[in-house]
Amino acid sequence: MIKITDLEKYYATEEVRTIALNKLSFQVQKGEFVAVMGPSGCGKSTLLNILGLLDDPDGGSFIFNGIEVAGFNERKRADLRKHNIGFVFQSFNLIDELTVFENVELPLIYTGVKPAERKARVDEVLEKMQIMHRRKHFPQQLSGGQQQRVAVARAVVNNPKLILADEPTGNLDSSNGNEVMDLLTELNEAGTTIIMVTHSEHDAKYSHRIIRMLDGQKVTENVLTEYKSNTLEV
Amino acid sequence: MLKNYIKIALRNLWKKKGYSTLNIFGLAIGITCASLILLWVEDEMSFDTVVADQELVYSVPTNQKYDGQWRTFFQATPGPLAAALKAEIPEITQAARLRSTDFLFSLNSSSVSSSGSFADADIFEILNLKFIEGKASEAFRVKEGIVITQKVAKILFEDPTNLLGKTILIDQKDNFKITGVVEDLPENTTYSFNWLVPFENFTYDKPWTQEYGSNFTETFVKLSAGADFNSVNEKVKGVLPAKTGDEDTQAILHSAKNWHLRSDFKNGKVVGGRIEYVQLFSFIALIIVLIACINFMNLSTARSEKRANEVGVRKTLGSDKKQLIFQFITEALLTALLAAVLSVLVLILILPAFNALIDKQLSLGITIPSHLLSLLAITLICGILAGLYPAFYLSSFKPIDVLKGNRIQAKGAGFIRKGLVITQFVISIIFIISTLLVYQQVQHVKNRDLGMNKENLIQIPVNGNVIKNRNSITESLKNSGMITSVGLSNSNILSAGNNGSGLKWQGGDNTEDVLVSYRYINDEYLTAAGIELVEGRGFSSVVSNDSANALITESFAKLMGTESPIGKTIDRYGDVYTIIGVTNDYLYGDMYGTSDPVMFFNYPPEAQYMYIKTNPKYAATEILNTIETTLKTYNPGYPFKYRFVDDDFNARFKSEQLVGSLSQIFALLAILISCLGLFGLSAFTAEQRRKEIGVRKVLGSSVAGIVRLLSKDFIVLVLIAIVIAVPVAWFMMHNWLQGFAYRISINVWVFAVAGIAAIGIALLTVSFQAIKAAIANPVKSLRTE
């Protein structure tokens, strides 16, 4: 599903040029659950931004679903993103002025889903995340765990092929954290590809494979569970 | 999607009530100002629209050449001109004369005085009068026919219908038959009247009105459709010289479209008029809207960090830039819409006061489609103007920057924000300076030495038997002890009045080219008016003693040479007058101008006005009662009308006063809006620097130190604004003042006052937030980080 080759990204200020990604290459199979680990500043988040089509690489190739997307303009990236990728952030990033229902509904609005269908799909996913009873609440009225469940609901409501999770449990206590990890696992088992950036060895163990990074490069790769995709693709 | 935008906009507005209030109030003030000005402009622009075929209708003023310069006079055409124009110029299909006067209408036992005009029948068509009763073609068949407006009909008759043929007694001597009732003319009409009678009623006993030598009436014409203005105007110019042989007096055409807004002439050509005020205030409306929008832009972008997260999330979830721009503009429009609703409420409340101020009867008429559309247009412009920059700014955030929690480094936005604050203050300071200077200039002229004394001077129109009984009236008034002198004159003391040229005297070149004002007065006029004799003697109370003598003013004396003019003679169209006295110069006509020469004749029967000098020891009401009783005795049947000359004098500054009061109001509002913006921005800055303030306090900074820190940046902006505003204001006001011959010189202190005021106001606004932030407990601010 994802194949990156010699991916490069620099951050330049007037005086210093920092290399965030240094000829990074790896592949992710459809249906796989990959954890990316590494110390702060190793380039994990930059990688996730590029994979999430939020940012453009400075060099190398990025093939998503068989299409070369490196060099896509913002409009094309936005279009590809909204149909294919769901995001889960450490700080939830829910919109405070919208209710739980409306937050989850938002991606469907941007992909042009009709109101009646939107309602059905949002209800369904809220039910699945067990926060239906909170649908009319605003984010500030929820606990951290509940907020992250809403964020996950929002990430999956469009049935994305890929979920990118950036420290999804970073702001949560351990029991809430575990709940969120269970949710992600369930989604993965249902067929969604997941790439998760984390600092937590505990969370990483939920994945099939751990990619460890340092200074923008891949250092090691531990396969925890052999994952066999039923379809062979890059 | 739109629903989502509106929903989130409303929630945002509700959640940030403080900011929303500032935004809505700022925009509401802007919209209110703009609406008031537009209502006024609409009224000004709608003048004389009652005249059908405006582009074909013209009044006919005359250009007269004096000292090589054309001067334009309204109400100054000879009697036979109208008929000649119609007869000799084929494109002129209608021509009529109009001369206004007051009549006393008596019906049964009641009397009412009303202003109207002597007119020719063509005036009905030219001014598009709508007959409710009678016919235009028949109304003036008889000399004693009178056409009245509905208004007069309602005043005179209990049942104002079927009035044709009814008789009204006029000036207690002539019976007129009603031959027509016309619709009232709207307020916004330049030439209005309550009644019309055939012109013959004025001319029948005045043979001189049949000659080309006297200019005494207004003339109006209507051209045939498709006539070429320039060629007709040239033909009109040629008519008077052909009749009189005098090339220096020409009639010209002045379009009905220009009657109200473009009636100032310079060297014989239209140069402007009220249109300048219309343009000025339209511009001011735009400026006020602009500074209101600036508030919105500043507060929105200042708050952008709070919205950045939402932008990031939306972009991540698939929103593109266009959708975000649309969303933020929707928000701005919604705010503008709420502001518009508020401003409609405010307009309803303040319109009566505004009407009183500008002396008009404007109505909001929100249901009138053009008004509603204008309001919507202003709202739309406000919303888009205010929302566009924030929309582009906010929507350009990169989601990764925002979501990573990077602080939005909006250096550009900060720069623009500062620029906008400076712009607001530049405008406010210019307003303050202009307001001060307009006020000073008006006061300057009002306090000017007029060469006469307008205090305790009452002006009464001369009518009925006043002239006949003038000696008894004077005696009776003086006996009361309340009145010191009673003067008579043919001209309003403040007006340009009757003038002419063609005098001959010894000791001057081209004396016939000098324009001199003529005053027919009595012996007490100079005393009553406070005009002093500087040489010689005044007139005798016995008219015949001085009927061949004249008085002149000093400026006239100067034209006659350096030696004393006493005993010299002036030849006026063959009549020779001997000068017996010289008075000081006094000001009349243009109060900003200079004192032009005057020649006085001892001939009270020509008097139109009585000037009564009162004893200031008595109360005005008591004095007026005495005058009224006396006049009722010697001139019964005429209602008592009077004016205080100083009121009349003040009324001459109506446009200047209007500009003065409006610019005061707009200056205040501009400052208020700017302060609202500054208040919001300072609140925002204080909030943004909470942590810094906390750290500084922990490290030992005093409250005053913090206040200084937070206020400093804003004061720098105001200082920059002062530097920009002062030369601009100086330039503008210098140009404005050039329009007045008698004017103030611009003092530096005006700029100092404006600058100090701006700094003071800004400081007051900013320090409120600064103090609030400075006295807050630092522990709290540090903990929340």
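Phe92(A) is buried, since 22 other C-beta atoms lie within 10 Å, where 20 or more are needed for a residue to count as buried. The model in which this residue is described is a predicted one. Phe92(A) sits in the loop that runs between strand 6 (85–88) and helix 3 of chain A, and its phi is near 65°, a positive value in a residue other than glycine.

## Single residues in loops and helices

A second residue with a positive phi is found in chain B: Asp359(B) has a phi of about 60° although it is not a glycine. Asp359(B) belongs to the loop between helix 11 (321–358) and helix 12 (369–395) of chain B. Is Asp359(B) buried or exposed? With 9 C-beta neighbours inside 10 Å, Asp359(B) counts as exposed, because the cut-off for that class is 12 or fewer.

Gly739(B) lies in the loop between helix 22 (703–738) and helix 23 of chain B, and it is exposed, with 9 other C-beta atoms within 10 Å. Helix 23 of chain B itself holds Phe768(B), a residue that is partly exposed, with 15 other C-beta atoms within 10 Å. For both Gly739(B) and Phe768(B), a partner from elsewhere in the sequence can be named, as the table sets out.

| Pair | Separation in sequence | C-alpha to C-alpha distance |
|---|---|---|
| Gly739(B) and Tyr592(B) | 147 residues | 9.1 Å |
| Phe768(B) and Ser711(B) | 57 residues | 9.7 Å |

## Chain B as a whole

Chain B has 785 residues, of which 41% count as buried, and its secondary structure comes to 24 helices and 27 strands. Taken along the principal axes, the C-alpha atoms of chain B fill a box of roughly 105 × 60 × 55 Å. Among the contacts in chain B between residues at least 6 apart in sequence, 81% join residues at least 24 apart.

## The nonpolar cores

The largest nonpolar core has 101 residues, and the members that touch the most other members are Leu27(B), Ile288(B), Ile429(B), Ile433(B), Ala670(B) and Ala721(B). Which helix gives the most to this core? Helix 20 (residues 654–688) of chain B does, with 16 residues. Another core, of 70 residues, lies apart from this one, and among its members are Leu94(A), Val152(A), Ile163(A) and Val180(A).

Ile433(B), one of the members of the largest core named above, shows which parts of the sequence come together around a single residue. Leaving aside its neighbours within four places in sequence, Ile433(B) is in contact with Ala729(B), Met733(B), Val750(B), Phe751(B) and Ala754(B).

## Helix 20 and its partners

Helix 20 of chain B packs with helix 23 (residues 748–775) of chain B at an angle of about 25°, the two axes being 9 Å apart. These two helices are therefore roughly parallel to each other, and their crossing is right-handed. On the side of helix 20 of chain B the contact includes Ile671(B), Cys675(B), Leu678(B) and Phe679(B), while the residues from helix 23 of chain B include Ile761(B), Ala762(B), Thr765(B) and Val766(B). By class, this contact of helix 20 with helix 23 of chain B has 11 nonpolar, 3 polar and 1 charged residues.

Helix 20 of chain B also meets helix 2 (residues 17–45) of chain B, where the axes come within 10 Å and cross at roughly 160°. That angle makes helix 2 of chain B roughly antiparallel to helix 20 of chain B, and the crossing of this pair is left-handed. From helix 2 of chain B the residues that meet helix 20 include Tyr19(B), Leu22(B), Phe25(B) and Gly26(B), and among those they meet in helix 20 of chain B are Phe666(B), Leu669(B), Leu672(B) and Phe679(B). The contact of helix 2 with helix 20 of chain B has 11 nonpolar, 4 polar and no charged residues.

## Where the two chains meet

How many residues of chain A are in contact with chain B? There are 19 residues of chain A in contact with 19 residues of chain B. On the side of chain A that touches chain B, the elements giving two or more residues are helix 1 (44–51), helix 2 (74–84) and helix 3 (100–110) of chain A. By class, that side of chain A has 10 nonpolar, 4 polar and 5 charged residues.

How values were computed. Residues are numbered from 1 along each chain as its sequence is written. Chains are lettered from A and ligands numbered from 1 in the order in which they are written. This is a predicted model: local features need pLDDT of at least 70, side-chain atom pairs count only at pLDDT 80 or more; totals for chains, interfaces and linings use all residues. A nonpolar core is a set of buried Ala, Val, Leu, Ile, Met, Phe, Trp, Tyr and Cys residues joined through C-beta atoms within 7 Å. Helices (H or I, at least four residues) and strands (E, at least two) are DSSP runs, numbered from the N terminus. Two residues are in contact if their C-beta atoms, placed from the backbone, lie within 7 Å. Axes are lines fitted to C-alpha atoms, for helices over the stretch in contact, and angles run from 0 to 180 degrees between N-to-C directions. Angles under 35 degrees count as roughly parallel, over 145 as roughly antiparallel, 65 to 115 as roughly perpendicular and the rest as oblique. A crossing is left-handed if the near helix is turned anticlockwise from the far one by less than a right angle, and right-handed if clockwise. Ala, Val, Leu, Ile, Met, Phe, Trp, Tyr, Cys and Pro count as nonpolar, Asp, Glu, Lys and Arg as charged, and the others, Gly among them, as polar.
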